[in-house]
Amino acid sequence: MQETQTRSSSTERTKIVHLPEPTAWPMVLAFGITLCLAGMVTTFALTVLGLVLAVAATVGWFRCVLPHEKHEAVVAKYAVTATGLTTHPPPRQYDTLHRRVEPYQAFSFVAGIEGGLAGGAAMTVPATIFSLAAYHSLWYSVNLLAAGGFVSWTHASDAFLSRFHLEGLLAGAVIHLTISLLVGLLYAAMLPMFPRFPILTAGIMAPLLWTGLAYSVMNIVSPILNDRIDWLWFIPSQVAFGLVCGFVINLRERVRTEGFRALPFATRAGLHMSRTRTRRKGGDKK
Amino acid sequence: MSTETAIPIDAIEEWRLPDKGKLGMICLIIAESAIFSIFVVAYVFYMGKSLSGPTPAQVLRLPIFATVCLLSSSLTVHFAVTTLEKGKTGLSTLWLAATVLLGGIFLTNTGLEWHELIYHDGLTIRTNLFGTTFYSLVGLHASHVLVGLVMLCVALAFGITGKLESHHAHRLDALSYYWHFVDAVWVIVFTVVYVLGR
Amino acid sequence: MTPTAIAHAEQPAPPATKKLWLEIAHDWITTVDHKRIGIMYIVYALIFLVIAGCEALLMRIQLAVPNNHFLSPEVFNRMFTMHGTTMVFFVGMPILFGFGNYLVPLMIGARDMAFPRLNAFSFWISAFGGLLLYYSFIGGDGLYGMGTAPDVGWFAYAPLTAKLFSPGHNTDYWILGIFLSGIGSVGTALNLVVTTISMRCKGMTMSRLPLLAWLYLVTSGMVFIALGPLTAAQLMLLLDRFLGSHFFDVQAGGSAVLWMHFFWIFGHPEVYILVLPAFGFANEIIPVFSRKAIFGYPAMVAATVGIGFISLGVWAHHMFTVGMGPAGNTFFALSTMLVAVPTGIKIFNWLATIWGGKIHFATPMMFSAAFLFQFLIAGLTGVMLAVAPFDWQLGNSYFVVAHFHYVLVGAILVMIFAAFYYWYPKMTGRMLSETLGKWHFWLFFIGFHLTFDFMHVPGLLGMPRRIYTYEADRGWGGWNMIVSIGAIFQVAGILCFVWNMIRSYRKGEIAGPDPWDAWTLEWTTSSPPPAYNYAEEPVVHSRRPLWDIKHPNDPDSDYE
Ligand SMILES: [Cu+2]
């Protein structure tokens, strides 16, 4: 039997522990059942032997538990500390206090909505310039966006798309607003995660990334858009969205998260701040 | 680091956990239900798909008496547990004996039914799909009744020799769960085989 | 290191009286201690891992070049049947049950499993089932009286398994061996559920349960529901073969498709039975090596339970090529894709746990990182195959083989390796060598990607699974050669691992009770733990009891 290591500094105790008595009957029963089945594919004699073993083992097993479970007593020597846990000194500790890193402050949903709306508005500027420059029409880009929603527009001509269509304006506006709001909310959630180089990450890298994503899936989502889109113009409009959206979100005050409430009182009271993530502001503003 | 500066062990008031035996039995019942449900699905899937006779309508009779016996044995085993919990070991033994008797009647009845089907109606497990699914489903149930009966007999033997005590009640209770399960399965088998399948 | 320090770590018997071999054997045969049974499970699974790995190697040698005649077609059939059957039933299940047996009682502060004797019985009957299956190599007789081992594939589709098409007894060995192991699996699963619910120490509420215990709880629940159908279907097949009943006999109106349904009602949840414990290992290892508490504990539990439920309703995605009609195809395609939601939640939670942590790339963490990456890819090809028309094209091709090996090897086996590096010190009292561990990791990582990344390609080119050789003009030769070369790297990695385990058992650095500065209860007791686990029943106040002890001024219980 094994002994627990003890430490001289804590109180040593001994104690009798009752453990179930070792027994071979479960193994014999398993063997018996196996032989029973093995007899089906070999000779009948094995089945008989297996049955005998299984019955004997069942009886033996029952006698281990009925009427009372059999125990063996084991002496436990151990050291007990005031915690009530039998412990040993933790030999290695990688860290000092290091708790989960949650942002203590975050942007509210409202900030995300505002940012999304502002970004969406900013995005229309390069898009409209593109529309005017390439097709001399105010409505071309709106209709192109809306075309994904109308099956009948799949083979529409440039001239058709340059004209004003009410349903095109409505559909384009709905698609544009929905996506802008969703991305705005995503920005509000993710901006605190990029404290360094916010203009680069949120303003430029993120739009480039999703442009790449859009480039690869656009053929499936909206073939007509894929055919006629000018990716060189697409990128500036996305960057415009990223910069403006991030800027607007950053103007809003941050709200305190649950993580903040979990901070020690001294930190909350502003007596001392811990580490970089409470550093103020990390948005597009320099 | 010192472990001496410690969290105080506040007495966690009442730490109650479910009974091991009953929980184990419930787990076993879930596993067994999965097996039974597959056999029931196979029975329903092959209903009326036999290529040759005899059909269920020609040979099956409703086993009303056996069903009443088996279902009432659920009650008797329940009484056996409640009386044992109250410490009336003699009465408990009596209820156990009644349970074993009723279960025995059911099993005998199944045996007689099978004898009739095999030797009079010529239905075996090889005859057709009905024979295949009928014998396997009813046989699986009967084998469970048999196992339950053996366990009940062990309990009865303890009762007769006077070794049954009230602190064994939770074990008998676990056994009674199994017996109730066997009864519940019979309700399904009865409905599927003798009512819907005929 | 002084000679006295190199003491026998497993059983520090008094040095004067060395135990006889017979006594040691007696101790292990009669033991009802969950730790010893766990170790027996693991060792037995490792032995079968080597055997089934050798079978895979033989197949890879055969397939490396076109028109090869290294194995005969008959032997090849036996090899893929035994490889699949062994890996699932006699490696995957026992090794995971072994870890569960060892860890769950320790983690919840219990002295032993709820039913120690049933535990021993479950192990032994699974072990004997494996031996019976492998006895078929000697005792089985199959087609034309010449076959030996089972050769019907691991899912043994009807009507190939009918007495007419598989005469002799080798298919019966397959049925009986798995039937026995099934009894053992249900026994152990029952034990784990009851232990987790009824044996928790004081203060260990269900919301403080270590996630590993939660995952074993859900896995065990799935074992009940999944193994029943397999056992039932096997009983039917046994009746067909021995008593001449007609369950799967098409001549008498029986249905071969019914077997497919029954098998996959078991077969799909089985994948999750194997992968959930691997998730459990990740849940314990990733936080410790990121030095952060797990992110989103309740979401993790909910996702696990969600996976458990959804996975019971997706089985027929293995049967798209059978022709179930548009309604069936649509239902099973959509339900299968639904699995990606809770699985995605898990992946994001692991990433969020790592995010912002102080990551220590010890060997267990390296394997965990590989797991995250590989499991993601496996999940993506899984979603691809869930699209019914895609599956019509690639069903039964090497693309499918590559996909599920990505799950079974890339996720499960890799996490099992991580678990070995993490808990070996607890089980033996000695650390595994980090140097050898790194060799193991890199060799295995390279080998895995050579084999299973490139295995997708011949599948896309139309190579069906289970063919024993192919013509040179198909263009599969080069790809198969790369796949086989990858296998060599994997073998080299595994050899490092085996050597590491043997060497470290005697010469490894002494671990002490808590070598990783971890937070769950098992690290409070000595390594290896005494027979009684805890001399006094522990009391816990949070999900990380050991954190509370180490940081009495800042306990977790203030935050939960
Ligand atoms: Cu599946």
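Lys and Arg count as positive here and Asp and Glu as negative, while His and the chain ends are left out of the count. With that in hand, we can start on chain B of this predicted model. Chain B carries 11 positive and 13 negative side chains, and the centres of these two sets are 9 Å apart. For chain C, the mean positions of its 29 positive and 30 negative charges lie 5 Å from each other.

Let us stay with chain B and look at how it is built. You will find six helices and zero strands in chain B, so a walk along its sequence reads α-α-α-α-α-α. Its outline is worth a moment of your time. A compact globule of 198 residues would have a radius of gyration near 16 Å, whereas chain B has 22 Å. Taken along the principal axes, the box filled by the C-alpha atoms of chain B is roughly 80 × 50 × 20 Å.

Now for what lies inside and outside chain B. Of its 198 residues, 47% are buried. The accessible surface of chain B is about 9,400 Å², and carbon and sulfur atoms hold 69% of that surface. If you take the contacts in chain B between residues at least 6 apart in sequence, 84% of them join residues at least 24 apart.

One residue of chain B makes a good stopping point. Ile160(B) belongs to helix 5, which covers residues 129–160. Is Ile160(B) buried or exposed? With a relative accessible area of 62%, Ile160(B) is exposed, because the cut-off for that label is over 50%. The C-alpha atom of Ile160(B) is 9.2 Å from that of Leu94(B), although the two residues are 66 residues apart along the chain.

From here we can move to chain C. Its secondary structure consists of 15 helices and zero strands. The radius of gyration of chain C is 24 Å, close to the 24 Å that the globule rule gives for 560 residues, so chain C is as compact as a globular protein of that length. Along the principal axes, the C-alpha trace of chain C spans about 70 × 55 × 45 Å.

The inside and outside of chain C can be described in the way we used for chain B. Buried residues account for 64% of the 560 residues in chain C. About 18,500 Å² of chain C is exposed, with carbon and sulfur atoms supplying 73% of it. Among contacts in chain C with a separation of 6 or more, 81% are between residues 24 or more positions apart.

For a look at the interior of chain C, turn to Phe444(C) in helix 13, residues 434–460. Phe444(C) has a relative accessible area of 2%, so it is buried, the cut-off being under 20%. What does Phe444(C) contact beyond its neighbours within four places in sequence? The contacts of Phe444(C) are Val409(C), Leu413(C), Val414(C), Phe417(C), Phe489(C), Gln490(C), Gly493(C) and Ile494(C). The C-alpha atoms of Phe444(C) and Ala487(C) are separated by 9.0 Å, with their positions 43 residues apart along the chain.

The loops of chain C have some backbone details to show you. Pro159(C) sits in the loop between helix 4 (116–139) and helix 5 (170–198), and the peptide bond leading to it from Ala158(C) is cis, with omega near 0 degrees. Another cis peptide bond joins Ser527(C) and Pro528(C), with omega about -10 degrees. Pro528(C) lies in the loop between helix 14 (477–507) and helix 15 (545–550).

Two asparagines add to this picture. Asn67(C), in the loop between helix 2 (34–64) and helix 3 (73–107), has a positive phi of about 55 degrees although it is not a glycine. Asn67(C) is partly exposed, at a relative accessible area of 41%. Asn396(C) occupies the loop between helix 11 (388–394) and helix 12 (398–428), and its phi is near 60 degrees. At 48% relative accessibility, Asn396(C) is also partly exposed.

Finally, let us see where the two chains meet. In all, 45 residues of chain C are in contact with 38 residues of chain B. The area buried between chain C and chain B is about 3,300 Å², and carbon and sulfur atoms give 79% of it. On the chain C side, Phe224(C), His246(C) and Phe247(C) lose the most area to chain B, together 15% of what that side buries.

Notes:
Residues are numbered from 1 along each chain as its sequence is written. Chains are lettered from A and ligands numbered from 1 in the order in which they are written. Side-chain values use heavy atoms; hydrogens and water are left out. Helices (H or I, at least four residues) and strands (E, at least two) are DSSP runs, numbered from the N terminus. The radius of gyration is taken over C-alpha atoms; the globule rule is 2.2 Å times the number of residues to the power 0.38. Buried means under 20% relative accessible area, exposed over 50%, partly exposed in between (1.4 Å probe, protein chains only). Contact means heavy atoms within 4.5 Å. Accessible areas come from the Shrake-Rupley method with a 1.4 Å probe; for residues, only the protein chains shown count as cover. The place of a charge is taken as NZ of Lys, CZ of Arg, CG of Asp or CD of Glu. Buried area is the accessible area (1.4 Å probe) that two parts lose on being put together, summed over both.
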